[in-house]
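Here are some friendly notes to read alongside the model. Take the points in order, and keep the 3D view open as you go.

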Amino acid sequence: MSFTGRTTQDLDAVTTFAVTQSYTVLTCTGPESLATITGGTTGSVIFIENGDTDCTITDDESPTAADAIDVTGAANDVGSVAKVIGLIYNGTSWLQIFESDN
């Protein structure tokens, strides 16, 4: 994965998306809960920006499922417009490394 640009993905009735670039803007057609991200390689760092308030990133504390997401704290990450989170892939799951305060 390279820092070559930005992509937007619109989620509709899905719980996963495939990362194709390191910077992704997520929009959702309605309330959606994102539980997994596929396409990562060990050491991949991605930035996810919320394009709306309908996308929630589901926290899998101490993740056991492949490609699951462990956000900081023990609660789901509810999106607000322009909020950005950074995640790193450890070969099994995604771990949150930062969150903007937008």
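**Notes on the model**

1. Let us begin at the surface. The protein chain has an accessible surface of about 5000 Å², and 53% of that belongs to carbon and sulfur atoms. Please keep in mind throughout that this is a predicted model.

2. Next, count the elements. The protein chain holds 11 strands and 0 helices, so its radius of gyration is best read with that in mind: the value is 12 Å, close to the 13 Å that the globule rule gives for 102 residues, and the chain is therefore as compact as a globular protein of that length. Along its principal axes, the C-alpha trace spans about 30 × 30 × 25 Å.

3. How much of the chain is buried? Of the 102 residues, 42% count as buried. Contacts across the sequence are worth a look too: among those with a separation of 6 or more, 44% are between residues 24 or more positions apart.

4. Now find the open sheet. Its 6 strands come in the order β1-β3-β6-β10-β11-β8, and the pairing is mixed. Strands β1 and β8 (69-70) stand at the edges; each has a single partner strand, so one side of each is left without a neighbour in the sheet. Try tracing the order on screen, starting from β1 and ending at β8.

5. Start at the β1 edge. Strand β1 (residues 6-11) runs parallel to β3, and 6 bridges join the two. One place to spot this is Arg6, whose bridge partner in β3 is Tyr23.

6. Strand β3 deserves a point of its own. It covers residues 23-28, and 5 of its 6 residues are buried, so the strand is largely enclosed by the rest of the structure. Besides β1, strand β3 pairs with strand β6 (residues 45-50), in the parallel sense and over 4 bridges. Here Val25 stands opposite Glu49 in β6.

7. Which strand holds Val84? The residue belongs to strand β10 (residues 84-89). Is Val84 buried or exposed? Its relative accessibility is 18%, and buried means under 20%, so Val84 counts as buried. Leaving aside residues up to four places away in sequence, Val84 touches Phe47, Ile48, Glu49, Phe98, Glu99 and Ser100. Glu49, in this list of contacts, is the residue that stands opposite Val25. For a sense of distance, Val84 and Val19 are 65 residues apart in sequence, while their C-alpha atoms are 15 Å apart in space.

8. At the other edge, look at β8. This strand pairs with strand β11 (residues 94-99) in the parallel sense, over 2 bridges. Asp70 stands opposite Leu95 in β11.

9. Finally, look for the disulfide. A disulfide is a covalent bond between the sulfur atoms of two cysteines. The count here comes to 1, and the bond joins Cys28 to Cys55, with 2.0 Å from S to S. Cys28 lies in strand β3 and Cys55 in strand β7 (residues 55-57), so the pair ties together parts that are 27 residues apart in sequence. The torsion about the S-S bond is about 115°, so the disulfide is right-handed. Both Cys28 and Cys55 are buried.

Notes:
Residues are numbered from 1 along each chain as its sequence is written. This is a predicted model: local features need pLDDT of at least 70, side-chain atom pairs count only at pLDDT 80 or more; totals for chains, interfaces and linings use all residues. Side-chain values use heavy atoms; hydrogens and water are left out. The radius of gyration is taken over C-alpha atoms; the globule rule is 2.2 Å times the number of residues to the power 0.38. Buried means under 20% relative accessible area, exposed over 50%, partly exposed in between (1.4 Å probe, protein chains only). Contact means heavy atoms within 4.5 Å. Accessible areas come from the Shrake-Rupley method with a 1.4 Å probe; for residues, only the protein chains shown count as cover. Two strands pair if DSSP finds at least two bridges between them. A disulfide is a pair of cysteine sulfur atoms within 2.5 Å.
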